[in-house]
Amino acid sequence: MTWSDFYLLCFLVGFSLSVLSFLAGAVHLHLPFHGAHHGGASASHGGLKGGTHISWFNASSAMAFLAWFGGTGYLLTRHSHLLAVISLLLATAAGLAAGWVVFRFMVKLVSSTDAPMKSEDYRMEGSLGTISMPIRENGTGEIIFSMAGVRRCAGARSDEGKAIEKGAEVVIERYEKGIAYVKRWEEFSN
């Protein structure tokens with residue numbers, strides 16, 4: 001086996017596995033070498049927040065390295081008059097650069113810019129909302145409110161059992177078993 005055959009083999013393996021991985025992702029097929037390693041309690045290698053970890057040695061980066069290492073090495077051995085050692089060094093540099101680019105892309109793709117949620121972010125008590133379906137006396141209606149920047153709705157009952165008309169502004173006093181117990185805003189502020 002010559003150096004050009006070795007480089008060609010590396011290129012074919014890296015490129016074909018990259019294409020196979022891409023196609024598997026497009027049709028949501030799970031292959032053993034497809035995707036990155038997720039998990040861990042702290043972000044160490046990728047500088048990620050939120051507990052996600054991507055190893056610098058992952059399948060996607062390895063496939064990019066193989067494809068670029070093989071392609072560059074093959075072209076250098078076939079079409080230049082460089083020494084084998086210089087071709088090997090240039091091919092290795094090209095492979096490492098391609099692997100690094102793929103790794104940084106994956107880190108950007110997976111990283112989250114969201115701050116971790118605090119308990120106050122998902123507490124319903126104290127939220128201001130609007131009645132979207134009227135609450136009959138001792139009955140149940142519906143409330144629309146905003147929590148963590150997202151519009152939500154829930155079943156609602158008047159805290160005192162009074163009827164509340166549609167469109168009234170209310171404050172959620174407590175939330176039990178999927179029902180928000182509300183009080184009119186005017187009554188709450190007094």
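Here are four short exercises, each with a worked solution, on a predicted model.

**Exercise 1: a shared partner**

Find which residues are joined with Arg174 into one network by salt bridges that share partners.

*Solution.*
- Step 1. Start with the total: the structure has five salt bridges.
- Step 2. Look at Arg174 and pick out one partner. Its side chain meets that of Asp159 in a salt bridge, with N and O 2.5 Å apart. Asp159 sits in the loop between strand 3 (150-158) and strand 4 (169-176), while Arg174 belongs to strand 4, so this pair ties together parts that lie 15 residues apart in sequence.
- Step 3. Now look for another partner. The side chains of Arg174 and Glu176 also form a salt bridge, at 3.0 Å from N to O.
- Step 4. Put the two together: Asp159, Arg174 and Glu176 make up one network, through salt bridges with shared partners.
- Step 5. Check how open these residues are. A residue is buried under 20% relative accessible area and exposed over 50%, with partly exposed in between. Asp159 has 28%, so we call it partly exposed. Arg174 has 31%, which makes it partly exposed. Glu176, at 39%, is partly exposed too.

**Exercise 2: a link across the chain**

Work out which parts of the chain the pair Glu165 and Arg184 links, then decide whether Arg184 is buried or exposed.

*Solution.*
- Step 1. Check the contact: Glu165 and Arg184 form a salt bridge, and their closest N and O atoms are 2.6 Å apart.
- Step 2. Place both ends. Glu165 is in the loop between strand 3 and strand 4, and Arg184 is in strand 5 (residues 179-184), so the bridge links distant parts of the chain, 19 residues apart.
- Step 3. Use the cut-offs again. Arg184 has a relative accessible area of 18%, so it counts as buried. Glu165 reaches 43%, so it is partly exposed.

**Exercise 3: helices side by side**

Describe how helix 2 packs with helix 1 and with helix 3.

*Solution.*
- Step 1. Take helix 1 (residues 3-26) and helix 2 (residues 59-79). Their axes are 7 Å apart and the packing angle is about 145°. Helix 1 crosses helix 2 in a left-handed way. In this contact you'll find 15 nonpolar residues, eight polar ones and one charged.
- Step 2. Move on to helix 2 and helix 3 (residues 84-110). Here the angle is about 150°, and the axes are 7 Å apart.
- Step 3. Name the arrangement of that second pair. Angles over 145 degrees count as roughly antiparallel, and helix 2 and helix 3 are therefore roughly antiparallel to each other.
- Step 4. Finish the second pair. Helix 2 and helix 3 make a right-handed crossing, and their contact has 14 nonpolar, nine polar and no charged residues.

**Exercise 4: around the barrel**

Give the order in which the five strands close into a barrel, and find the bridge partner of Ser158 in strand 5.

*Solution.*
- Step 1. Recall that strands of a sheet pair through backbone hydrogen bonds, either parallel or antiparallel.
- Step 2. Read the order: five strands close up as 1-2-3-5-4, with mixed pairing. Ignoring direction, neighbouring strands are turned by 55° against each other on average.
- Step 3. Zoom in on strand 3 and strand 5. They run parallel and are joined by four bridges.
- Step 4. Pick out the partner: Ser158 is bridged to Val182 in strand 5.

Methods
Residues numbered from 1 in each chain as written. Predicted model: local features only at pLDDT ≥ 70, side-chain atom pairs only at ≥ 80, totals over all residues. Heavy atoms only, no water. Salt bridge = Lys/Arg side-chain N within 4 Å of Asp/Glu carboxyl O. Helix = DSSP H or I, 4+ residues; strand = E, 2+ residues; numbered from the N terminus. Buried < 20%, exposed > 50% of the residue type's maximum accessible area, 1.4 Å probe, protein only. Axes fitted to C-alpha atoms, helices over the stretch in contact; angles between N-to-C directions. Left-handed = near helix turned anticlockwise from the far one by under 90°. Nonpolar A, V, L, I, M, F, W, Y, C, P; charged D, E, K, R; others polar. Parallel < 35°, antiparallel > 145°, perpendicular 65-115°, else oblique. Pairing = 2+ DSSP bridges.
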